[in-house]
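Here's a quick tour for anyone meeting this protein and its ligand for the first time. Have a look at the picture, then read on.

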Amino acid sequence: MAIDAPSSPTAQPWSDRLRHSTIILIAAALALSVVVSLGELSVLHAVAVFLCIAAAALIPWRLHDTAASRDDVRRINPVESAAVAAVVAGMPDPAVLLDRAGRVIHLNAAAAQLAPALRRNELAQFALRSPEIITALRESIATTEPRRATYLDHVPVDRWMELIITPVPVPTTFGGADKCMLMTFHDQTPLRRVEEMRADFVANASHELRTPLAALSGFIDTLQGQAKDDPKARERFLGIMHNQATRMARLIDDLLSLSRVELSAHVRPDTLVDLLPIIRQVADGLEPLARERQVEVEIHLPEPPVMIAGDREELLRLFENLIENALKYGASGGRVIVSLTSGAATDGTQEIRVMVRDFGPGIAPEHLPRLTERFYRVDVGDSRLQGGTGLGLSLVKHILNRHRGRLLIESVPKQGATFTACFPQIRPPVTV
Ligand code: ADP
């Protein structure tokens, strides 16, 4: 945005004006002396006329200076110069330079876009109507100290901006310095969102831990009280306590795994691992659960090894989560298929796809985009009943991200769900 255009020519220099006035006075003196020598005018009258002409030649200088137009002031005022305008325009964040009264001298395109009500030569207080900003501006002007305020923008999306008002000394036309106010806006939205996520996460994690903890202390009280001498009740309560303790341990395990994967998210695994024994190991480990839920697990894997650059422990967690979810939530379908294929991704690169398909109730489409959020569950009660923590798919997504892969979730309600983990295929070594 072009903020300032002091394109008018420079002011007429004093030397020029002096020369013009001298010429006028010499011409007047010569004319008057001719008239006096011709006896048409007395010397006294001639002197009076000369003084009038001299005044007429010199007084406009003063008038011109005092009645200088605003454009002339702008032309010679350093604050209003094109150089200052260029500096403000070049600032990466929205920036506005105000005079002592809060009037806008310069603003850059980002500021004009952020607050379209801001106009040059108008008071910023009228454009940014927030009482917090007006107070900060007034205080900064009065104390000539920096002040901060929050600027909230709601269109097109919610944005939190930190507004910093910094007094800046600027040279004035007649020497010395005046204080202008530089207002800069800094977008705090990403930080706020992270902070909100962190607060949500802590609240969710505490809540998830507090529930089994409350159950445990409740049963301890009961065992110390009325169930003290009841071996049958004691046996039953100990069983429930064991389940609750397992749930807590699982939650802590998942939280630790998640933070470990997040910490190393930027480091891509570089060890070559064969996916087939990892998938078989997970399926074997989950056989008791499959038997308990009466689900038949079909494994369709190719014969030759399928190598990817991966972290074995993380891959075990990944397949464990996907197959266990299929066995828990899709048990009613009685069948789970685990298969491995390869194919081209949308960008044309080759990828390995491990598909876990169940034939259970499936997932309604509105839940699909949120399934990988931490603690998100379609049915909280059902998940808790199954010993779930709500962190499994979030962990799967993070592990896949670290492996530069992706997770596909497809489901048709009442027909089951398919979770596909896609890994980039390693390139064969180049032979020379
Ligand atoms: P949880 O620990 O609750 O299993 P996950 O992150 O693994 O947490 O899964 C999130 C939610 O996604 C589950 O609570 C469940 O509602 C749903 N879900 C996951 N897998 C399936 C599946 N195969 N069929 C139906 N719903 C599923």
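## The shell around the ligand

Let's start with the company the ligand keeps. The shell around it is made up of nine nonpolar residues, six polar ones and three charged ones. Keep in mind that this is a predicted model.

Of the 18 residues around the ligand, the ones that come nearest are Tyr 329, Ser 383, Thr 389, Gly 390 and Leu 393. Two helices to look for are α12 (312-329) and α14 (392-402), each of which supplies at least two residues of the shell. The top contributor is α12, with four residues.

## Oxygen atoms and their partners

Now for some polar contacts. In the side chain of Ser 383, an N or O atom is 2.6 Å from an oxygen atom of the ligand. The backbone joins in too: Val 378 has a backbone N or O atom 3.2 Å from a ligand oxygen, and for Gly 392 the corresponding distance is 3.3 Å, again from a backbone N or O atom.

How much of the ligand does the protein bury? Taken alone, the ligand exposes 530 Å², and the protein buries 96% of that. As for its location, the ligand sits in the largest pocket.

## The transmembrane regions

Away from the ligand, there's a record to check. An unreviewed UniProt entry places the feature "transmembrane region" at residues 21-38 and 44-61.

In the model, residues 21-38 are 94% helix and 0% strand. The C-alpha atoms at the two ends of that stretch are 26 Å apart.

Key
Residues are numbered from 1 along each chain as its sequence is written. This is a predicted model: local features need pLDDT of at least 70, side-chain atom pairs count only at pLDDT 80 or more; totals for chains, interfaces and linings use all residues. Side-chain values use heavy atoms; hydrogens and water are left out. A residue is near a molecule or strand if one of its heavy atoms lies within 4 Å of it. A polar contact is a pair of N or O atoms within 3.5 Å; within protein, one must be able to donate a hydrogen and the other to accept it, and residues adjacent in sequence count only if both atoms are side-chain atoms. Accessible areas come from the Shrake-Rupley method with a 1.4 Å probe; for residues, only the protein chains shown count as cover. On a 1 Å grid over the protein atoms alone, a cavity is a set of points where a 1.4 Å probe fits but cannot get out, and a pocket is an open set with protein on both sides within 12 Å along at least five of seven lines; lining residues have an atom within 4 Å of a point. A molecule sits in a cavity or pocket if more than half of its atoms lie within 2 Å of its grid points. Ala, Val, Leu, Ile, Met, Phe, Trp, Tyr, Cys and Pro count as nonpolar, Asp, Glu, Lys and Arg as charged, and the others, Gly among them, as polar. UniProt positions are given in the numbering used here, feature names are shortened, and annotations may be inferred rather than shown by experiment.
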